[in-house]
Structure formats: C-alpha cells, structure tokens
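Here are my notes on the structure you sent over. They are in numbered points, beginning with the ligand.

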Amino acid sequence: MSLTTNCLVTGGAGFIGSNLADELIRRGARVRIIDNFSTGFRENLEEISGDFDFVEGDLNDDRALEDAVSGIDIVFHQAALPSVPRSVENPIETHEACASATLKLLVKAKDRGVRRFVYAASSSAYGDQETLPKVETMKVDPLSPYAAAKLMGEQYCSVFHRIYGLETFSLRYFNVFGPRQNPSSMYSGVISRFIDALMKEESPLIYGDGEQSRDFTYVANVVDANIKAAEAADGAGETFNAANGERISLNELLSVLKKITGRESVEAVYKESRKGDVKHSQADNQKAVAMLGYQNLVGLEEGLRKTIDWWKHSRFAS
Ligand SMILES: NC(=O)c1ccc[n+]([C@@H]2O[C@H](COP(=O)([O-])OP(=O)(O)OC[C@H]3O[C@@H](n4cnc5c(N)ncnc54)[C@H](O)[C@@H]3O)[C@@H](O)[C@H]2O)c1
C-alpha cells in the first residue's frame with residue numbers, strides 16, 4: 001500500500017476493521033474510518049497505532065457518507081451488525097446496517113470516483129451444504145436474515161462491477177477471531193466468549209451438542225486478504241473465500257483452549273441450538289490462494305495464544 005493511497009475503513013471501531021486500519025497505517029496508507037459505535041468501541045480506536053481521520057456517523061446518513069468517501073481511492077467495507085441471533089430478533093435493523101448501508105456506500109463510491117471496493121462478505125451465504133468444503137461455485141442458501149442481508153451486499157458489489165465498472169472484491173470470511181473481538185455480548189463470536197469464560201473460571205456456554213464445526217481464521221489472515229484484494233491485478237467483481245480451510249468442532253476447540261489456559265476442570269454448559277446457525281463450516285480457499293495469494297499467516301493454535309495474551313491485558317480482564 002503506497003503512501004499516497006487514501007483508504008476508508010468502514011466499521012473501523014469494530015474488531016476486524018480496527019485490526020485492518022492498524023495494518024494499513026503500518027504499511028503507509030492514509031486511513032479514514034467511519035463508525036457509528038453500534039457494536040464498535042472507542043477503546044478499539046485508541047489501540048490503533050498511528051494517525052487516522054475519524055468520521056463518527058452512520059453509513060445510512062448521506063452527510064456522514066459524503067464526509068467519509070470524498071477523496072478516497074479504496075474502500076474496505078467492514079461495517080455491519082454481524083450476528084445471526086440479533087438478525088433473527090430484528091431483521092429490519094440488520095437489513096439496514098448490512099444491505100441498505102452497503103448499497104448507499106456503493107452508490108457514493110461510484111459517484112465519488114473510488115477505484116476499488118473490498119467487501120467483508122460472509123460464509124453464512126452458503127447455509128448448510130451437503131458437501132464440504134464450501135466452494136465459491138456452490139449455490140447459495142442463506143439461513144438467517146443476517147446471511148440474506150450480507151449476501152445482498154455481495155450481489156450489489158458484483159452488479160456494481162458489471163454495470164458501473166467499480167472494482168469490487170467480496171471476501172467471504174468464515175469465523176474470524178483475535179484481539180479486539182468483543183466477548184461481552186450475547187451476540188459475540190464463540191472464541192472470544194470461550195476465552196472470556198475460561199479466564200474467569202466460568203462455564204462456557206455451547207448452543208447445541210458442541211459437535212457443530214467451524215473454520216476459524218485468525219484476524220491477521222483476513223486483514224492480509226483484504227490488502228491482497230486491494231492490490232490484486234485480476235478478480236474484480238468476484239467473490240473469494242477467506243479462511244484457513246480446516247474445521248474443528250466446538251467441543252474440540254474448547255479442549256484446546258482449556259489446555260492453553262490451564263483451566264482443564266472448567267466444564268461447558270449446553271443449551272438448545274439457535275435458529276439460523278449452520279451445522280458445519282469449512283472453506284475451500286484455493287481460489288483466494290491462486291488469485292489473491294492468500295496465505296494462512298497465523299494458524300489456529302498460535303492465533304488462540306495471541307488472543308489469550310491480548311485478553312490478559314485488555315479491559316475485559318479487570
Ligand atoms: N467476525 C466474523 O467472524 C465475521 C465472519 C463473517 C463476516 N464478517 C463480517 O466482517 C465485518 C466485520 O465484523 P466484526 O466481527 O469486526 O464486527 P464488529 O461488530 O466488531 O464491527 C462492525 C463495526 O461496524 C460498525 N457499524 C455497524 N453498522 C454501522 C453503520 N450503519 N454505520 C457505521 N458503522 C456501523 C459497528 O459499530 C462496528 O464497529 C462485518 O461486515 C461482518 O459481517 C465477520
């Protein structure tokens with residue numbers, strides 16, 4: 001990323017967005033962030049090292065959007081309400097934050113001459129497939145309002161490339177984890193909740209029998225995938241899986257975490273499975289490897305250790 005590149009990170013007060021902003025600044029880009037703090041935190045912005053511009057506002061507000069997009073070369077669109085259960089409770093709120101906001105941002109990006117638009121898409125687009133791993137050529141089958149809204153954003157990205165020539169890249173993240181993921185909400189990602197519970201010697205909560213599996217990806221890997229998509233020579237208008245390409249059940253994951261944290265005696269509590277959750281998830285990442293140069297920079301266990309180290313020094317530890 002060159003010193004002259006002006007980047008916008010939407011959702012930069014959130015988990016993935018703040019990690020991405022950090023890395024862009026480290027590589028010399030000029031960074032602007034827009035966030036409305038719906039699920040993001042000022043503390044995440046404070047942890048970003050280096051200077052950036054900040055627009056506090058909602059992507060659905062045209063004035064804020066104008067301030068955010070003017071003069072920008074590359075948009076990294078991370079903002080969303082990223083929760084299946086929250087979308088089941090309030091589908092309209094999720095539609096506005098995930099689908100409407102993405103459409104308005106795409107229109108503004110096209111009108112203001114943005115060159116490239118990298119979109120945080122979601123593996124939830126696949127739903128439950130008969131075969132694993134999940135590959136980009138499979139028919140989509142969203143199982144929740146969240147999955148439908150994120151997929152709509154992805155389809156708008158593809159259409160904006162076809163119709164207006166905007167260089168869109170959609171990265172279907174699988175389950176991302178790492179520093180700055182908020183563990184304290186009922187909608188939080190499972191690794192952050194497990195670590196938080198184990199460190200406090202409380203019982204982690206598992207929805208279902210724990211045999212559901214996920215392809216967990218450390219945040220640095222998807223951050224790198226975003227930057228590679230921003231620099232790629234080919235692939236505009238397309239969708240790529242961004243994940244490790246391995247899967248582990250929640251029960252197995254918990255055993256690994258218990259070993260690392262030394263909390264071997266803490267037992268999980270099992271509750272009824274949640275509506276809209278998929279059973280198994282595993283990516284075929286060959287397209288991203290071949291076309292973007294995607295790499296698993298950090299494996300699962302190393303990523304878990306880094307996340308636990310971060311947690312120990314975070315505000316959640318006190
Ligand atoms: N974390 C994962 O495992 C995962 C998996 C697949 C896809 N994704 C996608 O990655 C992106 C980032 O997810 P995350 O885990 O960092 O979530 P996050 O909740 O930590 O970050 C989302 C950020 O977007 C902001 N935001 C939401 N609506 C907004 C709006 N209308 N205007 C301005 N800001 C708004 C929030 O305040 C928050 O800071 C999301 O688009 C999500 O759908 C995440």
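1. The ligand shell. This is a predicted model. In it, 30 residues surround the ligand. The closest are Gly11, Gly14, Thr39, Gly40 and Ala80.

2. Who supplies the shell. Five elements are listed as giving two or more residues each: α1 (15–26), β2, α5 (91–111), β5 and β7 (175–177). The largest share comes from α1, with three residues.

3. Character of the shell. By residue class, 15 of the shell residues are nonpolar and 12 are polar. The remaining three are charged.

4. The sheet. Seven strands make up an open sheet, with parallel pairing. Read across, the order is β3-β2-β1-β4-β5-β6-β11. Which strands stand at the edges? They are β3 (53–56) and β11 (238–242). Each has a single partner strand, so one side of each lacks a neighbour in the sheet. From one strand to the next, the twist averages 20°.

5. A helix on the sheet. Helix α8 (residues 219–231) packs on this sheet. Its contacts are with β4 (74–77), β5 (116–122), β6 (167–173) and β11. The direction of α8 makes about 160° with that of β6.

6. The β1–β2 pair. Strands of a sheet pair through backbone hydrogen bonds, in either a parallel or an antiparallel sense. Here β1 (residues 6–10) and β2 (residues 30–35) pair in the parallel sense, over five bridges. Two of the partnerships can be checked on screen. Asn6 has Arg30 of β2 as its bridge partner. Cys7 has Val31 of β2.

7. A closer look at β2. Is this strand mostly covered or mostly open? It is mostly covered, with five of its six residues buried. β2 also belongs to the elements that give two or more residues to the ligand shell. In the sheet order, β2 sits between β3 and β1.

8. The overall fold. The protein has 11 helices and 13 strands. Its radius of gyration is 18 Å, close to the 20 Å that the globule rule gives for 318 residues, so the protein is as compact as a globular protein of that length. Along the principal axes, the C-alpha atoms fill a box of roughly 55 × 45 × 35 Å.

9. Burial and contact range. Of the 318 residues, 48% are buried. Take the contacts between residues at least 6 apart in sequence: 80% of them join residues at least 24 apart.

Methods. Residues are numbered from 1 along each chain as its sequence is written. This is a predicted model: local features need pLDDT of at least 70, side-chain atom pairs count only at pLDDT 80 or more; totals for chains, interfaces and linings use all residues. Helices (H or I, at least four residues) and strands (E, at least two) are DSSP runs, numbered from the N terminus. The radius of gyration is taken over C-alpha atoms; the globule rule is 2.2 Å times the number of residues to the power 0.38. A residue is buried if 20 or more other C-beta atoms lie within 10 Å of its own, exposed if 12 or fewer, and partly exposed in between; C-beta atoms are placed from the backbone. Two residues are in contact if their C-beta atoms, placed from the backbone, lie within 7 Å. Two strands pair if DSSP finds at least two bridges between them. Axes are lines fitted to C-alpha atoms, for helices over the stretch in contact, and angles run from 0 to 180 degrees between N-to-C directions. A residue is near a molecule or strand if its C-beta atom, placed from the backbone, lies within 6 Å of it. Ala, Val, Leu, Ile, Met, Phe, Trp, Tyr, Cys and Pro count as nonpolar, Asp, Glu, Lys and Arg as charged, and the others, Gly among them, as polar.
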